[in-house]
Amino acid sequence: MTTLLLDVGNSRLKWAYSKDGLLSDMGVMQRDVASLADAWAAVPVPTRIVASSVAGEGHVAQLNEWCQNQWGVAIDYIRVEPDAMGLELAYANAENFGIDRWLA
């Protein structure tokens, strides 16, 4: 299984591929869905896409559409949860805790 890992920020998109526990084909670009075909021309088609995002809904919708249309793969978005994998979040409102901190 080849997993594309995405970090969708306010202005940039960062990615890496994960296969058998190894990262490869890492990159970064300005957050511009129209440029994805060029940026990802030489990377393998993923079997799974996992993303964290602080981008607005409009950009997320464009990225979802691009990945579905080009690869037929839906994006699984990681969200901050009150508890997961034995970790319990002390914040009263999980949505106030940044996804970057949650993943770290």
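In this predicted model, helix 2 has a buried set made up of H59, V60, L63, W66, C67 and W71. These residues cover an arc of only 125 degrees around the axis, which puts them on the same side of helix 2. Turn to the face that points away from this buried side and you will find the exposed residues E57, G58, E65 and N69. So what counts as buried here? The cut-off is a relative accessible area under 20%, while exposed residues have over 50%.

What covers the buried residues of helix 2? The cover includes strand 1, strand 2, strand 4 and strand 5, together with helix 1, residues 36-39. Helix 2 itself takes in residues 57-71 and lies across strand 1, strand 2, strand 4 and strand 5. Relative to strand 5, helix 2 runs at about 145 degrees.

A quick check on the geometry of helix 2 may appeal to you. With 15 residues at 1.5 Å a residue, helix 2 should span 21 Å, and its end C-alpha atoms are indeed 21 Å apart, so the two values agree. The span is 1.5 Å times one less than the number of residues, which is why 15 residues lead to 21 Å. Just after helix 2 comes G72, whose phi is positive, near 70 degrees.

Now for the sheet beneath these contacts. Its 5 strands form an open sheet in the order 3-2-1-4-5, with mixed pairing. Strand 3 (22-30) and strand 5 (75-77) stand at the edges; each has a single partner strand, so one side of each is left without a neighbour in the sheet. On average, neighbouring strands of this sheet are turned by 20 degrees against each other, direction ignored. As background, strands of a sheet pair through backbone hydrogen bonds, either parallel or antiparallel.

Follow strand 2, residues 12-19, to its pairing with strand 3: the sense is antiparallel, over 7 bridges. Along this pairing, W15 stands opposite G27 in strand 3, and Y17 stands opposite S24 in strand 3. The hairpin of these two strands has 2 residues between the strands, and in this hairpin D20 takes a positive phi near 55 degrees.

Strand 1 covers residues 3-8, and T3 is found in it. Is T3 buried or exposed? With a relative accessible area of 11%, T3 is buried, because that value is under 20%. Leaving aside neighbours within four places in sequence, T3 is in contact with A16, Y17, S18, R48 and V50. Two of these names link to other parts of this tour: Y17 stands opposite S24, and R48 takes part in a salt bridge.

That brings us to charged side chains. In general, side chains of opposite charge can pair when their charged atoms come close. How many salt bridges does the structure hold? There are 2. One joins the side chains of D7 and K14, at 3.4 Å from N to O. D7 is partly exposed, with a relative accessible area of 33%, and K14 also counts as partly exposed at 33%.

R48 forms a salt bridge with D76, their closest N and O atoms being 3.2 Å apart. Because R48 lies in strand 4 and D76 in strand 5, the pair ties together parts that are 28 residues apart in sequence. R48 counts as partly exposed at 37% relative accessibility, and D76 is partly exposed at 36%.

How values were computed
Residues are numbered from 1 along each chain as its sequence is written. This is a predicted model: local features need pLDDT of at least 70, side-chain atom pairs count only at pLDDT 80 or more; totals for chains, interfaces and linings use all residues. Side-chain values use heavy atoms; hydrogens and water are left out. Helices (H or I, at least four residues) and strands (E, at least two) are DSSP runs, numbered from the N terminus. Buried means under 20% relative accessible area, exposed over 50%, partly exposed in between (1.4 Å probe, protein chains only). Contact means heavy atoms within 4.5 Å. Two strands pair if DSSP finds at least two bridges between them. Axes are lines fitted to C-alpha atoms, for helices over the stretch in contact, and angles run from 0 to 180 degrees between N-to-C directions. The arc is that of the directions from the helix axis to the C-beta atoms. A salt bridge is a side-chain nitrogen of Lys or Arg within 4 Å of a carboxyl oxygen of Asp or Glu.
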